[in-house]
Amino acid sequence: MQIVASLLIAMTLNLLTIAAALLAVMGKVNLAARRAQLGIGLQAIGWVCLLLSGVAGAGSLGDRLLSTLAMAGIAAGLAYSAMAFDLWCGRRASSRAPAVIAAVMTAGYGIGFQHYAFRVGWANGLLALQLALVAWTLCRQPLTPVGRWRWLLVISLLVQLLVTASRGVLGAFYTAQFPNFFAPHPANILFALAANVTVVMSLAGILLAHREEAARELERLANTDGITGALNRRAWSAQAVAIVADSQRLQQPLCVLLLDLDHFKDINEAQGHETGDKALKLLVQGMQSVGGERNVVCRYGGEEFCVLKRGADPAAMRAYDQRLRDWLAAAGPRELGIPLHYSAGIATLLDQRDSLDAMLRRADSLLYSAKMLGRNITLDDAALESGVEFK
């Protein structure tokens, strides 16, 4: 009994230390990390309550209250961990099933507390099911690239699942061999040893997941414009060069639209820079809303923006341009109280010898011509040669 108690006390102290360390090490964090912190913290509190219940008289009100709170803390902690893992894998935080299991398990445990075999089998059985669901969350295909940390957590969860399930079976069906939580049964000893090991594995997995997410966020900040959220020029150019090469190799059409928000300086001076920033963000929102996954949008500089449209010929790009103009015509007055429009130039990928730089030079020349013709128009090579303007 003493060895089991010592191992479980050590594990609980480790959990408390980890809960405090995560708050200190992670610093200011996002939703996923907060869920992970809360998950570890609740499990630590749950284990503290479970150990304290051993001090209270067996079957007393204190024992019942502390034990039930312990089950609630441990199960709720697993539910919050499931939410964190979903978020780190690029999915929405969905913990409905683990949360329902946590609620049902806690309620059943409290109601059937006086029946030892029932409460041990019930609690450990549902905790094992909850562990299986959390492991399944990690085994599912992530929606964003993740590292091997998820397999470290899966192994940890499966080990916990096996030892928890074995304790449930012993408590429910072989009660004489498993009279209490600290009984020196091999299953209890194995559970206590596994708990100490998996706590360390879980900490390593959580820290690796958080570091990976922080690295992705730094990369995003390095590649995007801070005001509009569009790609910055450097990141866009790197993607665009590869897209041009692919289009040439596959002999697919490709167009670039270079646009400039008209009278942006006047907006800043008359409405203030905050409204100017909102106008830029609204323009990017429109560029993304009326486009699609095959569009690559960037802030090219100042109030200049660029969109590369894969698989698009000039007619498709003109249709995109018209949708964007219609969207801005409605959104500008509605969102900012001012009209928004732009001048633009369209350049098409000509042949295997064409390049991104050459396309941008042609688009820039057409954009300059559009401004000279009175703004609020878009020109392409054909329009400029024939003298046709279109809005």
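1. Let's start with the charges. In this predicted model, the protein chain carries 35 positive and 29 negative charges, and their mean positions lie 12 Å apart. As for the surface, about 18700 Å² of the protein chain is exposed, with carbon and sulfur atoms supplying 61% of that area.

2. Next, the overall shape. The radius of gyration of the protein chain is 30 Å, whereas a compact globule of 391 residues would come out near 21 Å. Along the principal axes, the C-alpha atoms fill a box of roughly 95 × 50 × 30 Å. Even so, buried residues account for 50% of the 391 residues.

3. On secondary structure and contacts: the protein chain has 13 helices and 5 strands. If you take the contacts between residues at least 6 apart in sequence, 69% of them join residues at least 24 apart.

4. Where is the largest nonpolar core, and what builds it? This core has 55 residues, and those with the most contacts inside it are L8, W47, M71, F85, W88, L138 and I206. At least two residues of this core come from each of α1 (2-26), α2 (31-53), α3 (61-88), α4 (96-111), α5 (116-139), α6 (149-173) and α7 (186-223). A second core, separate from that one, has 28 residues, including C255, V290, L324 and L328. As background, nonpolar side chains in soluble globular proteins tend to be buried together.

5. L138 deserves a closer look, being among the residues with the most contacts inside the largest core. Leaving out residues up to four places away in sequence, L138 touches F85, C89, W149, R150, L153, V154 and L157. One of these partners, F85, is also among the residues with the most contacts in that core.

6. S202 sits in helix α7. Is S202 buried or exposed? With a relative accessible area of 14%, S202 falls under the 20% cut-off and therefore counts as buried. Beyond its neighbours within four places in sequence, S202 is in contact with L153, S156 and Q160. L153 is a partner of L138 as well. For a sense of distance across the model, S202 and L367 are 56 Å apart, C-alpha to C-alpha, with their positions 165 residues apart in sequence.

7. A370 belongs to helix α12 (residues 356-372). Its relative accessibility is 0%, so A370 counts as buried. Setting aside residues up to four places away in sequence, A370 touches S343, A344, R375, I377 and L379. A370 and D260 are 110 residues apart in sequence, yet their C-alpha atoms are 10.0 Å apart in space.

8. Two backbone angles may catch your eye if you check phi values. Q251 is not a glycine, but its phi is positive, at about 55°. Q251 is placed in the loop between α8 (233-250) and β1 (254-261). The relative accessible area of Q251 is 70%, so this residue is exposed.

9. H263 is the other one: its phi is also positive, at about 55°, and it is not a glycine either. You will find H263 in the loop between β1 and α9 (264-271). How buried or exposed is H263? The answer is partly exposed, because its relative accessible area is 40%.

Definitions and conventions: Residues numbered from 1 in each chain as written. Predicted model: local features only at pLDDT ≥ 70, side-chain atom pairs only at ≥ 80, totals over all residues. Heavy atoms only, no water. Core = buried A, V, L, I, M, F, W, Y, C linked by side-chain atoms within 4.5 Å. Buried < 20%, exposed > 50% of the residue type's maximum accessible area, 1.4 Å probe, protein only. Helix = DSSP H or I, 4+ residues; strand = E, 2+ residues; numbered from the N terminus. Contact = heavy atoms within 4.5 Å. Rg over C-alpha atoms; globule rule 2.2 N^0.38 Å. Areas by Shrake-Rupley, 256 points an atom, 1.4 Å probe, with all protein chains shown as cover. Lys, Arg positive; Asp, Glu negative; His and termini not counted. Charge placed at Lys NZ, Arg CZ, Asp CG, Glu CD.
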